[in-house]
Amino acid sequence: MAKRTASTGTPATLLLQQAGVPHTLHKYAHDPAVTDFGLEAARKLSLAPERIFKTLMVTADGNLAVAVVPVSGNLNLKSFAASLGAKKSVLADPLDAQRRTGYVLGGISPLGQRYCSPTILDSSAMDYPTILVSGGRRGLDIELAAQDLMRLTGARLAAIGTG
């Protein structure tokens, strides 16, 4: 995996460049009619959906947090809450997610968010040498090692996905 040097201008890609983290950018033409952004990426990039991870903003006991899970499954809200020591978690309001991260829905990256939030990465990420996450806009994914994602976001591993 070659280190990408040309900037695409998203906070996520700029963070990776500044940190010197090896990564690969994957661009594809996003179809505005599609709302299942992660599965669209898997289809258009011809990659297994288990390797592509979606970023979800979650409210756990009233506090915003980030869940990163494979697009092939769903987030287990009960497991997510437990991973944070919270009693309950629900998906965050989409407008709150956009304000907190600085990204639009379908382009929310776990990297380079406007405000830091506790982040949990599904443990299945460790099954692959690299995973893909949103690059900060629809039609752009970043391939990188899960360990690098964890280091840059302060993420912890937990079994939070289903499917």
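Two residues are taken to be in contact when heavy atoms lie within 4.5 Å. The structure described here is a predicted model, and two of its residues, Asp-148 and Ser-89, are considered in turn.

By this criterion, and with neighbours within four places in sequence left aside, Asp-148 is in contact with Val-21 and Pro-22. Asp-148 belongs to helix H5, which spans residues 146-153. Its relative accessibility is 17%, and Asp-148 therefore counts as buried, since the limit for a buried residue is under 20%. Asp-148 shares this burial with Ala-146, Leu-149, Met-150 and Thr-153 of H5. In an α-helix there are 3.6 residues a turn, so residues three or four places apart point the same way. The buried residues of H5 pack against four strands: S6 (119-122), S7 (131-137), S8 (140-144) and S9 (156-158). After H5 comes Gly-154, which has a positive phi near 75°.

The second residue, Ser-89, is located in strand S5, a run covering residues 89-91. With a relative accessible area of 7%, Ser-89 is likewise buried. A polar atom of the Ser-89 side chain is found 2.6 Å from the backbone oxygen of Leu-77. Leu-77 also appears among the residues that Ser-89 touches when those up to four places away in sequence are not counted. The others in this set are Val-58, Thr-59, Ala-60, Phe-80 and Ala-81. Ser-89 thus combines burial in strand S5 with a side-chain approach to the backbone of Leu-77.

Notes:
Residues numbered from 1 in each chain as written. Predicted model: local features only at pLDDT ≥ 70, side-chain atom pairs only at ≥ 80, totals over all residues. Heavy atoms only, no water. Buried < 20%, exposed > 50% of the residue type's maximum accessible area, 1.4 Å probe, protein only. Polar contact = N/O pair within 3.5 Å; in protein donor to acceptor, adjacent residues only side chain to side chain.
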